[in-house]
Structures are given as structure tokens and as C-alpha cells.
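Here's a quick briefing to read alongside the coordinates. It goes topic by topic, so feel free to jump to whatever you care about.

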Amino acid sequence: MRRLVLHDKESWKTVLTLAYQSLGVVYGDLSTSPLYVYKSTFAEDIQHSETNEEIYGVLSFVFWTLTLVPLLKYVFIVLRADDNGEGGTFALYSLLCRHARVGFLPNCQVADEELSAYKKDGGSNLRPDKGVGARMKTLLEKHRVLQRVLLVLALIGACMVIGDGVLTPAISVFSAVSGLELSMSKEHHKYVEVPVACVILVCLFALQHYGTHRVGFLFAPVVITWLLCISTIGIYNIFHWNPHVYQALSPYYMYKFLKKTQRGGWMSLGGILLCITGSEAMFADLGHFSQLSIKIAFTSVVYPSLILAYMGQAAYLSKHHIIENDYRIGFYVSVPERIRWPVLAIAILAAVVGSQAIITGTFSIIKQCSALGCFPRVKIVHTSSKMHGQIYIPEINWILMVLCLAVTVGFRDTKRMGNASGLAVITVMLVTTCLMSLVIVLCWHQSVILAICFIFFFGSIEALYFSASLIKFLEGAWVPIALALIFMLLMYAWHYGTLKKYEFDVQNKVSINWLLSLGPSLGIVRVRGIGLIHTELVSGIPAIFSHFVTNLPAFHQVLVFLCIKSVPVPYVQPNERFLVGRIGPKQYRLYRCIVRYGYHDVHKDDLEFEKDLVCSIAEFVRSEGSEPKAIDNIEKDDEKMTVVGTSTHVDGIQFREEDCDPAEQAGTSELREIQSPIVARKRVRFVLPESPQVDLGVREELQELMEAREAGMAFILGHSYVRAKSGSSLIKKLVIDYGYDFLRRNCRGPTYALSIPHASTLEVGMICHV
């Protein structure tokens, strides 16, 4: 979905429209939880008796869990902790990184703190100068161990979201198709249930590359129909079977439940926990909608519908204590027989919608991890040009499908799937609670006592559910732990190797004095064209450049050291995208261009990127030769870096590239044009504003830049073989030699280089001992 920014005077029509759309995107998973909560809770840990104490106790736990966690914690507190409108585990971590220097991005610059998104909501400039908050901030910035703990905490949350992306589709679809068991014998339904669920899951993952924008408009009607269906059935069951079931909403029944069932009741909390699966989506999908729209949708539609559904199931079970088959405790037994088939069809559609939401959320969290240097580069496909958040990652999609099918075929029952899913869900919530307590102190500048109360109250509730889930390690809860461990090792190897590789580049960068000693021609022949040298460095000359010029006798007339990096903000405004500077004297024609992206930004295709890159350099040349204007200059080492917008978001120079007849004359205009005298198939023109006047030296430099662009671009990429230094520990050798180097050689290249013609690419090989 495309991020929509609402103004202070947002209309109710806009808010209600967003609330309606959020029902299909945000609440699909949460709304399907009645399919399996009671079935998972009453599996084995507690048994029915002739009284209703167990049923009332479970309903009381469900009601208060839904009230305290999704409603109180997320709707009223956590949703306020947005990162420029974005939510999720990494949004909280990004927010903390900007208010305290605890981030691990290696190529951060002071200039990044001047970004408008960086400074919003206080940024890093507004921070407590005294008190416990200041001491906590100093403590975090001083000790690298605490910074690593914070990063590991965020990565654990991300890994559990990925695990939820495996488990939620499995349990949702499997529970939805379990309605088939009521129309056939127990011996036959087990041979139908699993194949049908697997077919639906394969179709779901196989259709991911088409995107959801073509059928996304159906998501909200499906979820609304499902919520209307379960709430209506709930009301019917309440009045028909037990109108006094509302008494179970009293917390007294929770006490009676635990007193009677004791250890079995505590272990059954792992099933009750499933009633809040999907709650984290309210915060994770915040950037697609607005706080108000998500709050309205939950409080007015989702919350009352779920409460009525659970009350209706409890009312039915309270009058049906003798149940022949364990699977009849499921949702469908409380559905009147005459409407079971239509309800089954709606349930399957709702389960698919809920699964789609968590799969898209998994793609999104992996994109964020990759942007912040914590996940290997993967191919990210934007399936819609209009909906910003609609992405597809082929490698991850097929991995999720295989794992999802393995869970479905391996477990074949809701109980073990529920144990696995519950642990993943509650772990993400615990991580959010821990990070939120730091946000309260460091970002909101509130009292430490308030943060302690927050983490104690909500942390205690979640720790109780976490312990009940963890005790079922051998009964399915091992799956999310195993998945998280695998992804954590992968992320750690990539992150650690990336940091060590950057340290090697910094230590081996070439001195500017060496460059100046070569003279304007760099000691070699300068040929026509633009050479783009990709580097991770934001200052200095990369080692691959010296390695290149010592082995080849020629280089391009214009050289650009290009650094594409991520910054800890969700979006970078187009007018702040480029940082451009000059390396050495003007006659060297050496430039540095730093392109900054947020973790939610869309990277442009190669043609548009090249156009923006050349135009930003031209604007830098023009602004450097003109009078000071409203443009930021940042001193970094010996280079003056200038903030320049993209060609469509800058009020200065404009770039045009078109096919034309050499004899064609440029039309008259109020703008003055500098055009290349070289006849080429593509003519490059820089269109300048009328004032200020451009001196002769600037015109000559712009003309040379145009000639170079017409001659074409060549991309020089470093192809590094990373090895651990001799004398390194065994663990470091395993991580670097067999972990990071393998991932680096087999993952995707830089995003902008994916569609570059091979004829225009030159790779420079180097061995890096880190």
C-alpha cells in the first residue's frame, strides 16, 4: 500500500476510507484467530467437566488479553511511537539510533543528521541534557556491548517476524479447511485436510509475483464479511445457548480457572495467546495508513466482532460438555449446520487474506534488514507502480513456501502449529515492549519510572504467555526457535563481515596526496565517457582505484566515486537525495557522489538513476560557480559536499536527453541552453535558469560533462574476495571464510547494478584480509 500522509485537518471521509482499507491489510490475521484458539487451548492440557469454570476461565483470559494487549498497549501507546509515520520493530530501533548513537551503519556522516526526516519528532538534536535519561543515553553510547545487545534484540524481533511468515499461513489455512472434517468421518478427513491445505498454500505463494494490487480491493470486503459472519454467529449462540455467558468477562473467573486447573491451566495459556496473533500488524503496517484510521477500525469493528465471536463459542461449549471427537472443539462446531459450507468458503478466503498480509510483512522486514546492512542483498521487485509497499522477493518467497509446506505436512494438527506460532508472536511483542521502554525515556523524554511501569505491566503479561509457550518446546515451539537461530546466524555473519570489510576499505584507502602527484591526467590516458567507481567509502579514494590505474593505461575523462548508502530513516526526500563534492582541483574532473536512501525508499531503475546522477553533478558544478544560494554545504575532510536534489525536484539545472537531427535548431525559450557540438545519436542538454550568470569555466566543465555523458557510462565494481587474517580465531575464520564470503559471492550485487549491460561493467578483483 502507498503511504498516505494526512494533514492536521484531515477529513473524516479520508479517515474512514483508510479505516475501511486497513481492515483488509492489517486485520486479516487477527480476525481469523477464532478458528483455532479454543481448539488449541482445550487440546490436552485441560479437560471439560460438567461445570463451566474452565470455559468461562478461558473466555475471561481471551477477553482481558484482547483488551490489555491489542487495545491498551498497541492502540493507545505503541502506535504513537512511529518513525516519521512508519512502524514496526526496526522503526523503533531506527528511532533509538537517531536519539542515541547506537547504530552500526559504518558509513554514517554528520550530514545525514541534517535530513528533514532525521530531525523530525526531535531528531538527535533534542535530547535530555541531564537526569536518568541522559545517563542512560551516555551508558548506551559508551558501551559497545549494550549496543550489540540492542541490535540483537531488534534482530530477534525481525527473525521471529520471518518465522511468523512461515507459521501463520500454515495454521490459518489449515484451520480454515478443517471445517471439512464435520462432513466426513475422522478416518477420511485426515487424508483430505492436509492435501487441500497444501494446494491452497502452493497457489498462494505461486501467485505472489503478480502482486496483490489487482485483487487487493477485495481484501477489505472479505475481512468485513468474515467479521460480520463470526459476530452474527456469536450473537446467535449467546442468545440461543447461554445468555449469561457475559458473566465470564469478570477477571474473577481467571483466578478460578488457574486455581482449579493449576499447571494444566498455565500450559493452556499457549493456546489462549493465539487470540492476539496479528496484533503486531497494527504497528508494523502503520506507514500504510494513519494512527487514527487503525484505531477506528480496531475499536469500532474488529474488537467487538472478536469478543462476540469468542463469547458465542463459549456459550455453545457451555451447553455441550460431552464432545466425542477432539476436533469438534474447533470453530465450526458452533456454526449452525445449515450455513457451515458458506462459512467454510468465507473462512478460507479470510485465511488467505490474513496469510497474504503476513507474507507481505515478511518481505517488508527483510527489505528493512537488508537496507540497514543486516541481511544479504536480495532481489526486490515492486509489483505495483502505484502502491508503494507492494514488494516481492523471489528467493524469500520460495523459501517461505517450502518451510510452510514442511510445517503443514510435518505437524498435521492445529495444536503443534499453535504452539509454534504462539511463541513467535509473543517473542515479537516482548521485543516491542523492551524497545518501547527505551523510546519512552530516550525519545519521548519521559520519566524512567513510567518506562519501568510500562515494561513491568505489559512485560509481566507477555512473560507469562512466553513461559507457557516455551514449556512446549518439544511440542512444536522448537520450530520458531530453530528458524530464528538460522536467520540470526545468517544475519550476524553478514553484518559482522560487512563491518570488517568496511574497516578494511577505510584502512587501505588511497591518500589524496598520491592522487595529486599524478597530475591532471592521473598519469594515464583519459578517454571519453564517464566512469562510475562504486565504493562503500564516503571519504577518501578506494583501494580498487589505485589497483585499477596501476594495471590499465587509460581511464575516463570524468570519474565519479559513487557511494549508495542507507540512512536510519524510512524515507529521504528527493531534494536531499544526493551529496556531491569534488576530489582534487577542477581540472582533474573527479567527483564524489553519495546517494542516500531510507529503509523504505524505492531504488530507481538504471536509466532514471543515471539521469539524476549526471544532473546532480551538473547542478553541483553550477552552484559551485555561482553566488551562495539556499543550498547546504557540509565540510567533510577536504571535500565540500553539496546537497542536491534529483532532476525532478531541484529548481536549478535540468537534464534533457533526446534523439535529434544534427541540423535541428533549438527552439527559442526564456531558458538558455548549453548544447554539445558533438553529433551523436543521443543529444544531451543542460537547461539552466536565467540567473545567476554562468561563467566561462563552468560552461566549459558542463560541456565536457555533456560530451562524456554522450560517449556513455562505464561501471567499475569491486569484486572482493574476503578472507580472515592469519592468526584469527577459529570462529572468525568460520564466519568470514565460510559464512560471509559465501553469502557475498552468491547474493545479489548492488541494487543499481542489477540491470547494467555487461558490456558497460568492469570488475576489479581484490583479496581483502580482514
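Let's start with one side chain: Lys-260 has a relative accessibility of 39%, so it counts as partly exposed. Lys-260 pairs with Glu-54 in a salt bridge, with 3.3 Å from N to O. Lys-260 sits in helix H11 and Glu-54 in helix H4, so this contact ties together parts that are 206 residues apart in sequence. Keep in mind that the model is predicted.

**The H4–H11 salt bridges**

- Glu-54, the acidic partner of Lys-260, is buried, at 6% relative accessible area.
- A further salt bridge brings the side chains of Lys-256 and Glu-53 together, at 3.6 Å from N to O.
- Lys-256 belongs to helix H11 (residues 252–261) and Glu-53 to helix H4 (residues 53–76), so here the linked parts are 203 residues apart in sequence.
- Both members of that pair are partly exposed: Lys-256 has a relative accessible area of 23%, and Glu-53 comes in at 25%.

**Another salt bridge, and the network**

- Asp-741 and Arg-723 also form a salt bridge, with an N to O distance of 2.8 Å.
- Asp-741 is in helix H24 (residues 730–746) and Arg-723 is in strand E12 (residues 713–723), so the bridge ties together parts 18 residues apart in sequence.
- Is Asp-741 buried or exposed? With a relative accessible area of 1%, Asp-741 is buried.
- Arg-723, on the other hand, is partly exposed at 32%.
- Going back to the H4 and H11 residues, Glu-53, Glu-54, Lys-256 and Lys-260 are joined into one network by salt bridges that share partners.
- How many salt bridges does the count come to? The count is 16 salt bridges.

**Strands and their pairing**

- Strand E5 (residues 578–582) has 5 of its 5 residues buried, so the rest of the structure largely encloses it.
- Cover on E5 comes from both sides: Phe-578, Val-580 and Arg-582 are buried on one face, and Leu-579 and Gly-581 are buried on the other.
- E5 runs antiparallel to strand E6 (residues 590–597), and 5 bridges join the two.
- Within that pairing, Arg-582 has Tyr-591 of E6 as its bridge partner.
- Strand E12, which holds Arg-723, pairs with strand E3 (residues 525–534) in the parallel sense over 4 bridges.
- For a concrete position in the E3 pairing, look at Ile-533, whose bridge partner in E12 is Ile-716.
- E12 is also joined to strand E13 (residues 761–769) by 9 bridges, and these two strands run parallel.
- His-719 is the residue standing opposite Gly-765 of E13.

**A nonpolar patch on the surface**

- Which residues form a nonpolar patch on the surface? They are Trp-12, Leu-16 and Leu-292, and together they have about 330 Å² of accessible area.
- Leu-292 is located in helix H14 (residues 291–318).
- The relative accessibility of Leu-292 is 33%, so this residue counts as partly exposed.

**The chain as a whole**

- The chain contains 24 helices and 13 strands.
- Of its 770 residues, 58% are buried.
- About 32100 Å² of the chain is exposed, and carbon and sulfur atoms supply 60% of that area.
- Looking at contacts with a separation of 6 or more, 81% are between residues 24 or more positions apart.

**Where to tread carefully**

- The average pLDDT over the chain is 81, and 81% of the residues score at least 70.
- Residues 122–128 have a pLDDT below 50, and the model gives this stretch 18 contacts beyond near neighbours in sequence.
- Residues 662–681 also have a pLDDT below 50, with 45 contacts in the model beyond near neighbours in sequence.
- Where pLDDT is low, the predicted coordinates should not be read in detail.

Key:
Residues are numbered from 1 along each chain as its sequence is written. This is a predicted model: local features need pLDDT of at least 70, side-chain atom pairs count only at pLDDT 80 or more; totals for chains, interfaces and linings use all residues. Side-chain values use heavy atoms; hydrogens and water are left out. Patches are made of residues with over 30% relative accessible area and no salt bridge: like charges are joined within 9 Å, nonpolar side chains (Val, Leu, Ile, Met, Phe, Trp, Tyr) within 5 Å. Accessible areas come from the Shrake-Rupley method with a 1.4 Å probe; for residues, only the protein chains shown count as cover. A salt bridge is a side-chain nitrogen of Lys or Arg within 4 Å of a carboxyl oxygen of Asp or Glu. Buried means under 20% relative accessible area, exposed over 50%, partly exposed in between (1.4 Å probe, protein chains only). Contact means heavy atoms within 4.5 Å. pLDDT is the predictor's confidence in each residue, from 0 to 100. Two strands pair if DSSP finds at least two bridges between them.
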